[in-house]
Amino acid sequence: MEVLSKNLNFLLDGLINTILLSLSCLGIALVLGIIVGVLQTAHNRTVSMLMKGYAELFRGLPIVITLFLVFFLLPEMGIEVNNYVSAMIALSLWSSANISVAVRGAIQSIPPTQTEAGLALGLSPVQIMRYIILPQAVRRMLPSVIGLMSNLVQSTSLSVLIGNLDFLKSVQLVIERVELMQGLSIATQMYTLVLAVYFVICYPLSMLAKRLERAYR
């Protein structure tokens, strides 16, 4: 408790960075994932295949590889970004790829007769997608997206590998500082704190996803 009280502000900064990183990645991934998911169902085969390739690429790559690619490749291209932005881009690519698959599955689960009815009413394909298909698809993909939020929060801890100061990194720095100054081993207690914090954040999301899945079923 003494270690926590002395380092509380530092730990809170790390926790806030983790939450902000998760929320910013989720916002970007939702927009990008919905666009990519819709385009995966496009009648244009080239567009559909390109979007499916995007999804399979970033779903298939380990998140760590994507993190390192973004972190080292962007500076080589003349784009200077800090650790936080690199982590945000990499995690957004991974999240959007997963969301796009959920969007595509939700759209394809809508009976084609609804599209035919929209065409019979004189609606354009864009209007059909906006007013008929997407409102129903959102309900069907929502449990998957909320479940992904839990995975995204956990995956932010990997950003420590490129030097981002998240909650896990702040805990590691506190452990090193205390052990160096006082010679005390508090690693077990501090990592137990990490476990508890991530559990408090992720468990309600998992339960919400399961509840929504049962309700929409």
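A residue counts as buried when its relative accessible area is under 20%. With that cut-off in hand, S155 is an easy call: its relative accessibility is 10%, so S155 is buried. Keep in mind that this is a predicted model.

**S155 and its surroundings**

S155 sits in helix 6, a helix that runs over residues 125-155. Who keeps S155 company, once its neighbours within four places in sequence are set aside? The contacts are I63, L91 and W94. Helix 4 covers residues 83-108.

**The largest pocket**

Helix 6 turns up again when we look at open space in the model. The largest pocket has a volume of about 490 Å³. It is lined by 17 residues, and T41, H43, T115, P125 and M129 are the ones closest to the pocket's centre. Which helix gives the largest share of that lining? That would be helix 6, with 6 residues. Helix 4 and helix 5 (112-120) chip in too, as each of these, like helix 6, supplies at least two lining residues. As for chemistry, the lining of the largest pocket breaks down into 12 nonpolar residues, 4 polar ones and 1 charged one.

**One salt bridge**

The salt-bridge count comes to 1. The partners are R59 and E56, whose side chains meet with an N to O distance of 3.6 Å. Both belong to helix 2 (residues 45-60), and because they are 3 residues apart there, about one helical turn separates them. How accessible are the two partners? R59 has a relative accessible area of 37%, which makes it partly exposed. E56, at 44% relative accessibility, is partly exposed as well.

**Annotated transmembrane stretches**

Now for what the record says. An unreviewed UniProt entry lists residues 15-39, 60-79 and 190-209 under "transmembrane region". Such annotations may be inferred rather than shown by experiment. Here is how two of the listed stretches look in the model:

| Stretch | Helix | Strand | End C-alpha atoms apart |
|---|---|---|---|
| Residues 15-39 | 100% helix | 0% strand | 36 Å |
| Residues 190-209 | 100% helix | 0% strand | 29 Å |

So what is the chain made of over residues 15-39, by the DSSP runs? It is 100% helix there, and residues 190-209 likewise come out as 100% helix. The remaining entry in the UniProt list is residues 60-79, and I63, one of the contacts of S155, has a number inside that range.

Methods. Residues are numbered from 1 along each chain as its sequence is written. This is a predicted model: local features need pLDDT of at least 70, side-chain atom pairs count only at pLDDT 80 or more; totals for chains, interfaces and linings use all residues. Side-chain values use heavy atoms; hydrogens and water are left out. On a 1 Å grid over the protein atoms alone, a cavity is a set of points where a 1.4 Å probe fits but cannot get out, and a pocket is an open set with protein on both sides within 12 Å along at least five of seven lines; lining residues have an atom within 4 Å of a point. Grid points are joined across faces, edges and corners, and a volume is the space filled by probe spheres set on the points. Helices (H or I, at least four residues) and strands (E, at least two) are DSSP runs, numbered from the N terminus. Ala, Val, Leu, Ile, Met, Phe, Trp, Tyr, Cys and Pro count as nonpolar, Asp, Glu, Lys and Arg as charged, and the others, Gly among them, as polar. A salt bridge is a side-chain nitrogen of Lys or Arg within 4 Å of a carboxyl oxygen of Asp or Glu. Buried means under 20% relative accessible area, exposed over 50%, partly exposed in between (1.4 Å probe, protein chains only). Contact means heavy atoms within 4.5 Å.
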